[in-house]
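Trainee: I have just opened this one and would like a slow walk through it, please.
Mentor: Gladly; let us put it on the screen and begin with the overall picture.

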Amino acid sequence: MSAPIVQTSSSKSFGGHQKVFRHDSRVLGCAMHFAVYLPPKAERERCPVLYWLSGLTCTEQNFITKAGAQEHAARHGVILVVPDTSPRGEGVPDDPAYDLGCGAGFYLNATQAPWSSHYRMHDYVVHELPSLIEAQFPVIADRRGIFGHSMGGHGALVLALKNPGRYRSVSAFAPIVAPASCPWGEKAFRAYLGEDRAAWKEWDATELVKTARERLPIMVDQGYDDPFFAEQLKPELLRKACDEVGHPLTLRLQPGYDHSYYFIASFIRDHVEHHAAILNA
């Protein structure tokens, strides 16, 4: 049975409602917040659901206040679900740096102490949260999409690739496509997964795409003026990996755009429409 959820806020938006909830996560061992946008259509019938995964330092608030996705979700009748980026609270391990610990869960299941006791964001996003959403909200359970930004873009790609059949659509903004080969990912993987780089491949999209059992088309937008482009994001590695195995990829390099929510807001309509076309088919 799903744990009780508590609504902490609700605001009307484009005819629907942007809500935030709190619940006690069994998987993460702490209280978690998540946001749900219910389009007007959800008052009459069940709707497909699109999960958004945010990036380093973010909570559920960044996306729902800055991306401007509600207008497009309302038009296409899609429910948006936005979890936090990591476990938080008393007793949850943390690190003073912004790229490890709270706000930096990397959407994996940690195997190393002290992180393994709470940092199981893969299981939370893939299993626990959807079970709760499907029990509490008018979603069509087998019509799920997933997208995200930066660390969350990494999460969206990895979760889709690791769980064939679970998602019908996937996309990303400026994803960390090869975390095993960039400073952000190497630091996090070393802490959460240990020194065995073979274990890291299980959480790296450029590795997973090579043996993917499902050729789910991937859509990626990447700002060409993103300050993290060359050192952390490396979109050319994803293109190379997809080309080698024939995995469908649409990679759009956007001149002049950076890593911010100004970039996300500029192309969020394209992404919601990409998902809606598949989820509503």
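**Overall picture**

Mentor: The protein has ten helices and nine strands, and please keep in mind while we talk that this is a predicted model.

Trainee: How compact is the protein for its 281 residues?
Mentor: Its radius of gyration is 17 Å, close to the 19 Å that the globule rule gives for 281 residues, so the protein is as compact as a globular protein of that length. Along the principal axes, the C-alpha trace spans about 50 × 40 × 35 Å.

Trainee: And what share of the residues is buried?
Mentor: Buried residues make up 58% of the 281 in the protein, while the area that the protein exposes comes to about 11100 Å², with carbon and sulfur atoms supplying 49% of it.

Trainee: What about contacts between residues far apart in sequence, how much do they account for?
Mentor: If you take the contacts with a separation of 6 or more, residues 24 or more positions apart account for 71% of them.

Trainee: Switching to rings now: how many aromatic pairs are there?
Mentor: A search of the whole structure finds 17 aromatic pairs. In the pair of tryptophan 52 and phenylalanine 147, the ring centres are 4.7 Å apart and the planes stand at 85°, and since planes over 60 degrees apart count as edge-to-face, that is why this pair is edge-to-face.

Trainee: Where do those two sit in the chain?
Mentor: Tryptophan 52 is in strand E4, residues 47–53, and phenylalanine 147 is in strand E6, residues 139–149, so the pair, 95 residues apart, links distant parts of the chain. Both tryptophan 52 and phenylalanine 147 are buried.

Trainee: Which residues form a cluster with them?
Mentor: One aromatic cluster is formed by Trp52, Phe63, Phe147, Phe173, Tyr257, Phe263 and Phe267.

Trainee: Which charged end sits over a ring, then?
Mentor: That of lysine 162, which sits over the ring of tryptophan 203 at 4.3 Å from the ring's centre.

Trainee: New topic, glutamine 232: is it buried or exposed?
Mentor: Glutamine 232 lies in helix H8, residues 229–233, and because its relative accessibility is 6%, where buried means under 20%, glutamine 232 counts as buried.

Trainee: What does glutamine 232 touch?
Mentor: Leaving aside residues up to four places away in sequence, glutamine 232 touches Ile176, Cys182, Pro183 and Trp184. With tryptophan 184 there is also a detail to look at, for the backbone nitrogen of tryptophan 184 lies 2.9 Å from a polar atom of the side chain of glutamine 232.

Definitions and conventions: Residues are numbered from 1 along each chain as its sequence is written. This is a predicted model: local features need pLDDT of at least 70, side-chain atom pairs count only at pLDDT 80 or more; totals for chains, interfaces and linings use all residues. Side-chain values use heavy atoms; hydrogens and water are left out. Rings of Phe, Tyr and Trp (its six-membered ring) pair if their centres lie within 6.5 Å; planes under 30 degrees apart count as stacked, over 60 as edge-to-face and the rest as tilted. Helices (H or I, at least four residues) and strands (E, at least two) are DSSP runs, numbered from the N terminus. Buried means under 20% relative accessible area, exposed over 50%, partly exposed in between (1.4 Å probe, protein chains only). A charge sits over a ring if NZ of Lys or CZ of Arg is within 6 Å of the ring centre and within 35 degrees of the ring normal. A polar contact is a pair of N or O atoms within 3.5 Å; within protein, one must be able to donate a hydrogen and the other to accept it, and residues adjacent in sequence count only if both atoms are side-chain atoms. Contact means heavy atoms within 4.5 Å. The radius of gyration is taken over C-alpha atoms; the globule rule is 2.2 Å times the number of residues to the power 0.38. Accessible areas come from the Shrake-Rupley method with a 1.4 Å probe; for residues, only the protein chains shown count as cover.
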